[in-house]
Amino acid sequence: MAKSEAETELHDLFVRGLDGDAQAYRAFLQKLSLHLRAFLGRRLFGWPDEVEDLVQECLLAMHNQRHTYQSDQPLTAWVHAIARYKMIDLLRAKSSREALHDPLDDELAVFADSATEASDARRDLAGLLQTLPDRHRLPIVHVKLEGLSVAEAARLTGMSESAIKVGIHRGLKALALKIKESAS
Amino acid sequence: MKTDDLVSLLAADAAPVPRRAASQRLAMALLISLPLSFAWMAFEHGVRRDLLQALFWPMFWVKLIFPACIAAAGFVIVQRLARPGVRVRSAWMGLAVPILALWVLAVVAWFVAPQDERSAMIWGQTWRVCTFNIAVISVPVFVAALATLKTLAPTQPALAGAAAGAMAGGAGAAVYALHCTELAAPFLAIWYVVGIAVPVVAGAAIGHRLLRW
C-alpha cells in the first residue's frame, strides 16, 4: 500500500514534534485540524454544530495521548482510532442510531480531505479553562492567550519556568477531563 | 476558544515525549507489583518446602510455565490495546495455545490414569482454595496494570481491562505455583484456568467503566 502524501508529511511533522520541535508540532496540529474537520464534518453532517467541538476534543486527546504513538505505526491508523473513539462517544451520548449508518471503519479516509472553514466551537473551552485551579490556569492564560514566552510568564507570575511548563501540561490533561465531565 | 488558539496552546506544550511509553510503563508496573504478589504468597501461604526437589518434576514446570505464558501474552496484548489503532492480531494465539495445550495434556492424563485415580486428578487436595488464592495473589499486578492503562489510551476499554486481567491472573497463578502442591494436569486445566479467568472477567467489568478517556 502506497503511503499517502498527507501520511508522509504529517508523520514527519509529528515525529519531530514528539522530539520537542514546537514549530513542527504546531504545523502538524494545524494540518491535522483541517483533516479532522473534513473527516468529522462528513460523518456528523446531521450535527454541524458538534463538528468543531469534536475537532477540539480530538486535538486535545491526541495531544494528551501522544506518548501512545510509536513511529513505526501508520499515523493514519492512530489518528483514525482516536477520532473514531471520540466520535462514537459523542454518538453514544446522543444515543442516536441513524448516524451509525455511515460506516466508521475506513481509516484511510481520515487524511483524504481537509476543510479550512472552521465554524465556531459551541463548547466554550475558555470558559472551562476558568474552572481550573490557578496553578494550571495562569500558565495557560499567560503563555497562550497573552502570547508570552515561558520565561516571561514565569517572571510575571513568580512561578519557576518548569512550574509554568508543568502547569500547562497538567492543565491540558485537566481540561480534557473537564470536557469529559461536562459531556456526561 | 477558536481551534487555532487551541493549536497554539497545545504547541506551547511540545516537550519531548518518551518513546514506547506503553510497554515501558507496563513493564515498570509489573516490576513493582510482582514482588508484592510474591511477598503475599510467601507470607500468607509459604513457598513449598520441597521446592528444590520439585524443580526436577516436569509437571512442576508445566504448572509454572503455563501461567507465565498467559502473563506474557497478556502483557503483549495489553500494550497493543493501550495504543490507538494497533491491532492485537496473532498475540491472541499467545493466550489460546497454552490453554489448549494444557487441556490436551489434561485429557490425555485423564484417559491414561486408572479409573479410581481420576477424581483425585480433578479435585486434588486444594480445589476449594486454589481459584480464590490465585485471584487474591493477582491483585497487586491487576491494580498496577489498570492504573497504568489509565495513563494510556485503550479504545476498547473492556477488552483492554480483560487483557490486563489475563496478565495479572497469569502472573498470580505463576507465583501461586511456587506454593501449590497439586501436580495433576486435569487439576491445573480446571482450577488454574478458572483462577486466571476471575481477574479477566473483573478486568472487563472494571475496565469498561474505569478506562474511558
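The exercises below concern nonpolar cores, helix packing and a domain contact in a predicted model.

**Exercise 1.** Which residues touch the most other members of the largest nonpolar core, and which elements give two or more residues to this core?

Solution.
- Step 1. The largest nonpolar core has 60 residues.
- Step 2. Within this core, B:V78, B:A145, B:L149, B:A163, B:A164 and B:M167 touch the most other members.
- Step 3. In chain B, two or more core residues come from each of α2 (21-44), α4 (58-81), α5 (93-112), α7 (127-137), α8 (139-150), α9 (157-176) and α10 (185-210).
- Step 4. A separate, second core holds 56 residues, including A:V51, A:I82, B:V7 and B:L10.

**Exercise 2.** Leaving out residues up to four places away in sequence, what does B:A163 touch?

Solution. Apply the contact cut-off, C-beta atoms within 7 Å. With those sequence neighbours not counted, B:G74, B:I77, B:V78 and B:L81 are touched by B:A163.

**Exercise 3.** Which residues of α7(B) are buried, and against which helices do they pack?

Solution.
- Step 1. The buried residues of α7(B) are B:C130, B:T131, B:N133, B:I134, B:A135 and B:I137.
- Step 2. Their packing partners are α2, α9 and α10 of chain B.

**Exercise 4.** Describe the contact between the two assigned domains of chain A.

Solution.
- Step 1. The domain assignment of chain A gives domain 1 as 1-122 and domain 2 as 124-184.
- Step 2. Eight residues of domain 1 of chain A are in contact with seven residues of domain 2 of chain A.
- Step 3. On the domain 1 side of this contact, helix α3 (residues 48-64) of chain A gives the most, with six residues.
- Step 4. By class, that side has four nonpolar, three polar and one charged residues.

Technical notes
Residues numbered from 1 in each chain as written. Chains lettered and ligands numbered in written order. Predicted model: local features only at pLDDT ≥ 70, side-chain atom pairs only at ≥ 80, totals over all residues. Core = buried A, V, L, I, M, F, W, Y, C linked by C-beta atoms within 7 Å. Buried ≥ 20, exposed ≤ 12 C-beta atoms within 10 Å, placed from the backbone. Helix = DSSP H or I, 4+ residues; strand = E, 2+ residues; numbered from the N terminus. Contact = placed C-beta atoms within 7 Å. Domains from an automatic or database assignment. Nonpolar A, V, L, I, M, F, W, Y, C, P; charged D, E, K, R; others polar.
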